[in-house]
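Student: Could you take me through one part of this model up close? I'd like to look at a single pocket first, and then see what the rest of the chain is doing.

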Amino acid sequence: MKSPLPVRNGVNATRLRIPLQGPWATVHDFVLEKFGHIDSAGITQRFHHGEVVDIDGRPLSTETPLGDVEFLWYYRNVPLETPLPVTEEVLFEDEHLLVVDKPHFLPTTPAGRYVQQSLLVRLRNRLQIPDLVPIHRLDRGTAGLVLFSKQPETRSAYQLLFERREVAKQYQCVSALPAGIDRAELSSRFPLTVRNRIEKTKGVVVSQLMPYEVKDSGRRPHDRRGGKRRRSTEVIPGANASSRVELEATGTSRAGTPVGLFRLSPHTGKTHQLRIHMALLGLGILHDRFYPDLWDDAPDDFDAPLQLLAQRLEFADPISGRIREFTSARKLVEAPAEGRTADRR
């Protein structure tokens, strides 16, 4: 559903669904009950100033009866934000695509207290592309490659690549090695593939591991392509997350502690999947505040970013047919400074 209001300062107008019937005489009464605890005077002022509109862009008044509109749009009041001391880099741009190297600590899209200080809003303001939309997302703590669509007309073609798992994704991470571990024994464990079932509950910070029947344990989520198309609401049994893990090198971190550099190839894209899979292996990613243990909330430590990097993307461009390959220019600061290359298979 297209917004009747344009992007303003890089931010979309907010859409709110209004019940067509209920105990409220007017739309204004409903909005006050829903959000009045935040700023009741400000809400009424917006109606008086014509800042709340319907799907045709017509201003709603405080007297608009409930049932006249099903949706309304308005701009949120955004508090002043402290600029994050990190900078994104544009790696590639053509008529349809924008490829950006995202720094640690910068959210991909507006969330919570980060609106202007999000990658999407920064780029819209900087490049003056109001239709810019991310095709996929990275966690705020993760650095690396993010693809953006510039044209609404071609956006779905690129989104389908990710839905159909036709994009080869490669990450790097640095993990602390358990004390006293034998490096040769560690190398012999890899490469390996981790599979499990992960679910994320809205409003809960961390994702949860879910059990499933033994009879479903052999199902590989990344092989579920083609054939009869399942409805999006249909629950698929068994594992829904799969990642290949390879050991690239071992050595020492900046602080001189033993660490390993790993290459991660996710076959699926569940929230926090790679972070969970490394924690399950007893190799939690350095500076991860969520896994294996949830740390207390604290200000960002810009000297200790999460050691996870979306390093490489490869896909066949659905518009040109060309093979696209992109590689991040960023490096993980805790990667082994002096280490030996692990054996590869």
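Tutor: Happy to. Let's start with the second largest pocket, which has 16 lining residues, and M1, K2, S3, V7 and N12 are the ones nearest its centre. Its volume comes to about 460 Å³. Sort the lining by class and you get nine nonpolar residues, five charged ones and two polar ones.

Keep in mind that this is a predicted model. The pLDDT averages 91 over the chain, with 92% of the residues at 70 or higher, that is, scoring at least 70. The stretch to watch is residues 339-345, where the pLDDT is below 50, although the model still gives this stretch 20 contacts beyond near neighbours in sequence. Where pLDDT is low, don't read the predicted coordinates in detail.

Now step back to the whole chain. There are five helices and 15 strands in it, and the C-alpha trace spans about 75 × 50 × 45 Å along its principal axes. Of the 345 residues, 44% are buried. If you take contacts between residues at least 6 apart in sequence, 64% of them join residues at least 24 apart.

For a helix, try α2, residues 119-127. Its buried residues are L119, L120, V121, R122, L123 and R124, so you'll find two arginines written in that list along with the leucines and the valine. The cover over those buried residues includes the strands β3 (89-93), β4 (97-102), β5 (133-134) and β6 (143-149). Right after α2 comes Q128, with a positive phi near 55°.

β6 takes us on to another strand, β13 (residues 308-316): the two pair in the parallel sense over two bridges, and A143 stands opposite L309 in β13. β13 has other partners too. With β7 (residues 168-176) it pairs in the antiparallel sense over six bridges, and K169 stands opposite L313 there. With β14 (residues 323-327), β13 again pairs in the antiparallel sense, over five bridges. L313 turns up here as well, standing opposite F326 in β14. So if you click on L313, look for K169 in β7 and for F326 in β14.

Last stop is the turn. β13 and β14 form a hairpin with six residues between them, and in that turn G321 has a positive phi of about 85°.

How values were computed. Residues are numbered from 1 along each chain as its sequence is written. This is a predicted model: local features need pLDDT of at least 70, side-chain atom pairs count only at pLDDT 80 or more; totals for chains, interfaces and linings use all residues. Side-chain values use heavy atoms; hydrogens and water are left out. Buried means under 20% relative accessible area, exposed over 50%, partly exposed in between (1.4 Å probe, protein chains only). Helices (H or I, at least four residues) and strands (E, at least two) are DSSP runs, numbered from the N terminus. Contact means heavy atoms within 4.5 Å. On a 1 Å grid over the protein atoms alone, a cavity is a set of points where a 1.4 Å probe fits but cannot get out, and a pocket is an open set with protein on both sides within 12 Å along at least five of seven lines; lining residues have an atom within 4 Å of a point. Grid points are joined across faces, edges and corners, and a volume is the space filled by probe spheres set on the points. Ala, Val, Leu, Ile, Met, Phe, Trp, Tyr, Cys and Pro count as nonpolar, Asp, Glu, Lys and Arg as charged, and the others, Gly among them, as polar. pLDDT is the predictor's confidence in each residue, from 0 to 100. Two strands pair if DSSP finds at least two bridges between them.
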